[in-house]
Amino acid sequence: MRRLVLALALVAAPAVRAETEVAAAPAPAPEEKPLQAWEVDLFAGYGQLAWPAEDTTNVAWSNGGPAFALTFAYRGPHFTHPFFDISYVPILSSGKSVNVFTPGTGSQTVFASNSSWAWGFVVGPGWDVDWFRFRVGVGIYDVVVRTEVAGATSTISQLTVGFLASASALVWRPDPFAIGVEARMAALQFPFTGIYQSMWQVGLTGRWDFVHHH
Amino acid sequence: MNSNRRFLALALSALASAGCVSRTSPTPPTFQAGGLLALSTPPPNPYSLQNALEGVYDTSSLFGSSVVVHASQWGDLSTAVQASVSILAQDHDAFAILQAGCLAPLTLPAITTTQLVLEGYWRYLDVNDPDPSTTGLVRLFVEPQAMVDYVCGAPAWNSSMTPGDPRPAPSQASVVLAGSSGNGENEPGSPLTVNWLHARKSRNGPDGTPTFLVGVHHGGCQTTDNCGISENTPQTAILAAQLGGDYLEVDTRLTKDNVPVFFHLSLNPGVVQGAYCTGQVEDYTYEQLLADCRLRNGEVIPRVVDMIDYILARTTLPLYLDSKTPDVILPVAEILTGLDGELGLNPGEYPDNVNDPNNNGYVRCSPPPPSHPTPWPPPGKRCLFPGSSPVWQRGVIGLPDSSAVSTYQQELAAKQFSSNQHCLVEEATSDVTGVPCVAWMPRYTRGPMTSDVLQLQQGGYFVGFWTINDQATIDAFLTTAVPNGILTNYLGLLNQRFEAVGTAPPYTPYRATTP
């Protein structure tokens, strides 16, 4: 927890420093105003569980799934830009044989088909460094588990705290658009425990400055 | 800009290293190749250790002064009843669990006479994540030789005999447990001496029956304390017996397909493993739980019928079955009824399991009930652990709130329970006498409530408090409320504090009475 507080403090520090620097600097000429833009970003890729490693005993198949994200951000005169991110995060899909003991029928082997994914709602700061973009955030993830065992299906949803970290390289930037590649990590934390699950995603990202002015 | 980039790099690295929860637990240290116990034989009578070693002792290091040495018996009747010796301390909520073995002369060159060795591990429970500074191995040798000969030379005991060792033990005044302790998996090397101080305090009332019991909250150790066994599991009952527990509080829930299971709250990553294990027990069928969830130490979430079955056959512990939802009450009562092979033995009891050839419930064999038909045990019936009370005295349904009380009353009125079903109320004292139940177990934060406690105790009811874990509060309740029991996560601490300040209430609670 102390490390998390430290991380958030460090994340906030550049914004404070930027404010101070801007306040102290002489007012720029109107034609020299930096770009200010409202942007919307789209991410599409593939992802799956990164940690902890899945127990592969008797696993017949296992994979992740498609990942998506929609982000709104405001790029102002400061180095740090705030963003709001809505994401669909695949966690894991797998099928495995399980030996179970059930009342009346004794021990038997059944097949379990499971999948898990999450909807994330995250806010945080981001930074554009040349054609790279970095973002970290904290928010709420609605984790959904769908399980089917011996014909019985259940879908369970659970809200948890989650963290997001992403790094992008916007390699083609025809104004007002930009296109590139992005890697994302999401980590889930049950209240009052540590992080218990993390997922990676990689894919393509696109940016559109739908409102921008100098 | 450069300083901003440094901040950014630092922030990202700090976030990346934010603490992660491990979903598996460390296991207690063990001796390589089984230690000296692998060369020894168990004491011929597992009950001899009780006569020989139980008492209050001083230790030279590790555990502090006035520790309790407790002997326990547990195990599978089909193999052998086993004995453990535990050291229970106040300092660091420490404990050591040791197994005993008799080493014959010349087993090793240094052994010239029979020796009684105790080997096992120690643990400080005031630290959740054990490391070599808070857990390690212990090896102790019993002195004097007269006590060694008493234990190792005892006539062999078997489960058809009455539990106990009728022979008087030699004087305990000169008993010393001398040896060493270690850190982590390292061989013990630091000297440790445990010296006899005095006998343990009686927990019996004037009629000789126990009136103070140490209550075990969810099991011998909380899952989050990382003792190598998850709470609410069959194995934790063994740990509870070893640590001086007298009754076990465990939590019952009902799965989506109406299978009663033992589990406390939600499927929290701190207590369960599994990428698909989240939400509530009630969200899953039992097969789904088996497929998707394991407890922190790899155990399955146990069915109530399996776990009670295990505990009845391997310990003498009574069970306080805390109903987490009202709908689990009747299914659990039906399981208790099916497991009670003695129902029908006395006039007015129903159903008549004792004469039902299809019932394979448990009966007392060692010793048998005072009056019983022959042959005994009846065909198809199984034997309870030696010294056990009958099943109906060992399984009490807990009613934590008014909705549970209401459900219980409705089922009682509809004659859905056996004649001997017992219950325990956590809230209103009027419900204890009104339902009626046999015990009251309020939350300790309501205060000692001494007049209520006394009034119920005088009526023959059991009164306990949940759940007290710190020494000052334990002392305050032992001295002001004088209850029949306290639930705790720290069994060693409560045992030690009872020896220091406790008094057994002078009223016999329900479980000591016979129908």
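Start with chain B as a whole: of its 515 residues, 53% count as buried. Keep in mind as you look around that this is a predicted model. Colour the chain by secondary structure and you will find 13 helices and 21 strands. The radius of gyration of chain B is 24 Å, close to the 24 Å that the globule rule gives for 515 residues, so the chain is as compact as a globular protein of that length. Turn the C-alpha trace along its principal axes, and it spans about 85 × 65 × 45 Å. Among contacts in chain B with a separation of 6 or more, 64% join residues 24 or more positions apart.

**The two domains**

Next, give each domain its own colour. The domain assignment for chain B places domain 1 at 32-198 and domain 2 at 213-340 + 390-512. Their C-alpha centres lie 29 Å apart.

Now select the residues where the two domains of chain B touch: 24 from domain 1 are in contact with 21 from domain 2. On the domain 1 side, the elements giving two or more residues are strand 2, strand 3 and strand 4 of chain B. Strand 2 of chain B supplies the largest share, seven residues. Colour that side of domain 1 by class and you will see 12 nonpolar, eight polar and four charged residues.

**The barrel**

Stay with chain B and show strands 1 to 8, which close into a barrel in the order 1-2-3-4-5-6-7-8 with antiparallel pairing. From one strand to the next, the twist averages 35 degrees.

For a detailed view, zoom in on strand 7 (residues 176-181) and strand 8 (residues 190-198) of chain B, an antiparallel pair joined over six bridges. Pick Ser180(B) here; its bridge partner in strand 8 of chain B is Pro191(B).

Two helices of chain B are worth adding to this view. Helix 4 (residues 234-242) packs on the sheet and touches strand 2 (67-76), strand 3 (80-88) and strand 4 of chain B. Its direction makes about 145 degrees with that of strand 2 of chain B. Helix 13 (residues 491-501) of chain B also packs on the sheet, touching strand 1 (55-59), strand 2, strand 3 and strand 4. For helix 13 of chain B, the angle with the direction of strand 2 is about 130 degrees.

**Helix 3**

Finish at helix 3 (residues 145-152) of chain B. Which of its residues are buried? Select Met147(B), Val148(B), Tyr150(B), Val151(B) and Cys152(B) to see them. Their cover includes helix 2 (48-53), strand 4 (95-103), strand 5 (115-123) and strand 6 (135-143) of chain B.

Methods: Residues numbered from 1 in each chain as written. Chains lettered and ligands numbered in written order. Predicted model: local features only at pLDDT ≥ 70, side-chain atom pairs only at ≥ 80, totals over all residues. Buried ≥ 20, exposed ≤ 12 C-beta atoms within 10 Å, placed from the backbone. Helix = DSSP H or I, 4+ residues; strand = E, 2+ residues; numbered from the N terminus. Contact = placed C-beta atoms within 7 Å. Pairing = 2+ DSSP bridges. Axes fitted to C-alpha atoms, helices over the stretch in contact; angles between N-to-C directions. Domains from an automatic or database assignment. Nonpolar A, V, L, I, M, F, W, Y, C, P; charged D, E, K, R; others polar. Rg over C-alpha atoms; globule rule 2.2 N^0.38 Å.
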